[in-house]
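Q: Hey, I've just opened this one and I'm new to it. Can you walk me through it?

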Amino acid sequence: MRETLVLNASFEPLSTVTLRRAVVLVMQDKAVVEHAHPGLRIRAASMDVPVPQVIRLSRYVRVPFRRRAPWSRRGVLVRDQHRCAYCGRRATTVDHVVPRSHGGGDTWLNTVASCAEDNHRKADRTPEQAGMQLLRRPFEPTPADALLSTLGVSVRDGLPEWLPVPA
């Protein structure tokens with residue numbers, strides 16, 4: 001099922017929801033479509049709605065401040081754009097830079113996306129012990145970066161054309 005980014009009324013990213021939930025929010029006038037999938041529409045007898053990729057809530061919702069994005073395997077793969085940190089090929093697994101058996105944990109700074117071959121070759125060693133070099137260092141994304149990257153949008157690439165530029 002498609003994921004839809006939900007923006008607060010102030011255009012800050014809040015979360016992602018299913019396509020079904022996004023359409024319900026739009027139909028109840030609780031949100032407006034900011035960016036839709038080109039050429040895709042949801043049609044019924046009494047409605048015609050573009051398939052939303054990004055929606056913005058009509059009313060501002062106060063949310064508690066989140067300092068950190070929660071770590072997840074999927075999040076690591078998305079952060080690294082499904083590219084192996086050792087060879088650059090398509091990554092399907094997550095590798096711990098410092099293995100868990102050596103005290104390494106499930107953190108943003110200790111995990112990288114990896115192809116199965118490199119993950120197996122590195123095994124229960126650090127990259128230095130295995131004679132492997134990281135192509136890029138792991139980093140901790142902000143909560144907003146983590147949400148935007150799930151949709152393939154990167155703040156580093158510049159703002160999307162549908163997002164208004166503050167004056």
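A: Sure. One term before we start: two strands pair if DSSP finds at least two bridges between them. With that in hand, take His96, whose bridge partner in strand 6 is Thr111. Also keep in mind that this is a predicted model.

Q: Okay, how many bridges join strand 5 to strand 6, and which way do they run?

A: Four bridges join them, and the two strands run antiparallel.

Q: And which way do the residues of strand 6 point?

A: Strand 6 covers residues 111-114. Thr111 and Ala113 point one way, while Val112 and Ser114 point the other way, and all of them are buried.

Q: Let me zoom out. How many helices and strands does the chain have?

A: There are five helices and six strands. Reading from the N terminus, the order is β-β-α-β-β-α-β-β-α-α-α.

Q: How much of the chain is buried?

A: Buried residues account for 40% of the 167 residues. As for contacts between residues at least 6 apart in sequence, 58% of them join residues at least 24 apart.

Q: Now the sheet with four strands. In what order do they sit?

A: The order is 2-1-4-3, in an open sheet with mixed pairing. Strand 2 and strand 3 (31-43) are at the edges with a single partner strand each, so one side of each has no neighbour in the sheet. From one strand to the next, the twist averages 35°.

Q: What holds strands of a sheet together, in general?

A: They pair through backbone hydrogen bonds, and the pairing is either parallel or antiparallel.

Q: So what does strand 1 pair with here?

A: Strand 1 has five bridges to strand 2 (residues 13-18), and those two run antiparallel. It also has three bridges to strand 4 (residues 48-57), and that pair runs parallel.

Q: Which residues match up between strand 1 and strand 2?

A: Leu5 stands opposite Thr16, and Val6 has Ser15 as its bridge partner.

Q: What about the turn between strand 1 and strand 2?

A: The two strands form a hairpin with five residues between them. Phe11 is in that turn, and its phi is positive, at about 70°.

Q: Is strand 1 largely enclosed or open?

A: Largely enclosed by the rest of the structure, because four of the five residues in strand 1 (residues 3-7) are buried. A residue counts as buried under 20% relative accessible area.

Q: And over on the other side, how do strand 3 and strand 4 pair?

A: They're antiparallel, with eight bridges. As one example, His35 stands opposite Val54 in strand 4.

Q: Where does helix 1 lie?

A: Helix 1 (residues 19-27) lies across strand 1, strand 2, strand 3 and strand 4. Its direction is at about 90° to strand 4.

Q: Let's pick one residue. Where is Arg56?

A: Arg56 is in strand 4, where it is the bridge partner of Leu7.

Q: What does the side chain of Arg56 make a polar contact with?

A: The side chain of Glu34, at 2.7 Å. Leaving aside neighbours within four places in sequence, the residues in contact with Arg56 include Leu7, Asn8, Phe11, Lys30 and Glu34.

Q: Switching to rings: how many aromatic pairs are there?

A: Zero. There is a charge over a ring, though: the charged end of Arg79 sits over the ring of Phe139, 5.5 Å from the centre.

Q: And the loops? Where is Gln81, and is it buried or exposed?

A: Gln81 is in the loop between helix 2 (73-79) and strand 5 (93-96). It is exposed, with a relative accessible area of 59%. Ala91 is ten residues away along the chain, and the C-alpha atoms of Gln81 and Ala91 are 8.5 Å apart.

Q: What about Arg62, where is that?

A: In the loop between strand 4 and helix 2. Arg62 counts as exposed because its relative accessibility is 74%, and the cut-off for exposed is over 50%.

Q: How far is Arg62 from Asn8, in sequence and between C-alpha atoms?

A: Arg62 and Asn8 are 54 residues apart along the chain, while their C-alpha atoms are separated by 8.7 Å.

Key
Residues are numbered from 1 along each chain as its sequence is written. This is a predicted model: local features need pLDDT of at least 70, side-chain atom pairs count only at pLDDT 80 or more; totals for chains, interfaces and linings use all residues. Side-chain values use heavy atoms; hydrogens and water are left out. Buried means under 20% relative accessible area, exposed over 50%, partly exposed in between (1.4 Å probe, protein chains only). A polar contact is a pair of N or O atoms within 3.5 Å; within protein, one must be able to donate a hydrogen and the other to accept it, and residues adjacent in sequence count only if both atoms are side-chain atoms. Contact means heavy atoms within 4.5 Å. Rings of Phe, Tyr and Trp (its six-membered ring) pair if their centres lie within 6.5 Å; planes under 30 degrees apart count as stacked, over 60 as edge-to-face and the rest as tilted. A charge sits over a ring if NZ of Lys or CZ of Arg is within 6 Å of the ring centre and within 35 degrees of the ring normal. Axes are lines fitted to C-alpha atoms, for helices over the stretch in contact, and angles run from 0 to 180 degrees between N-to-C directions.
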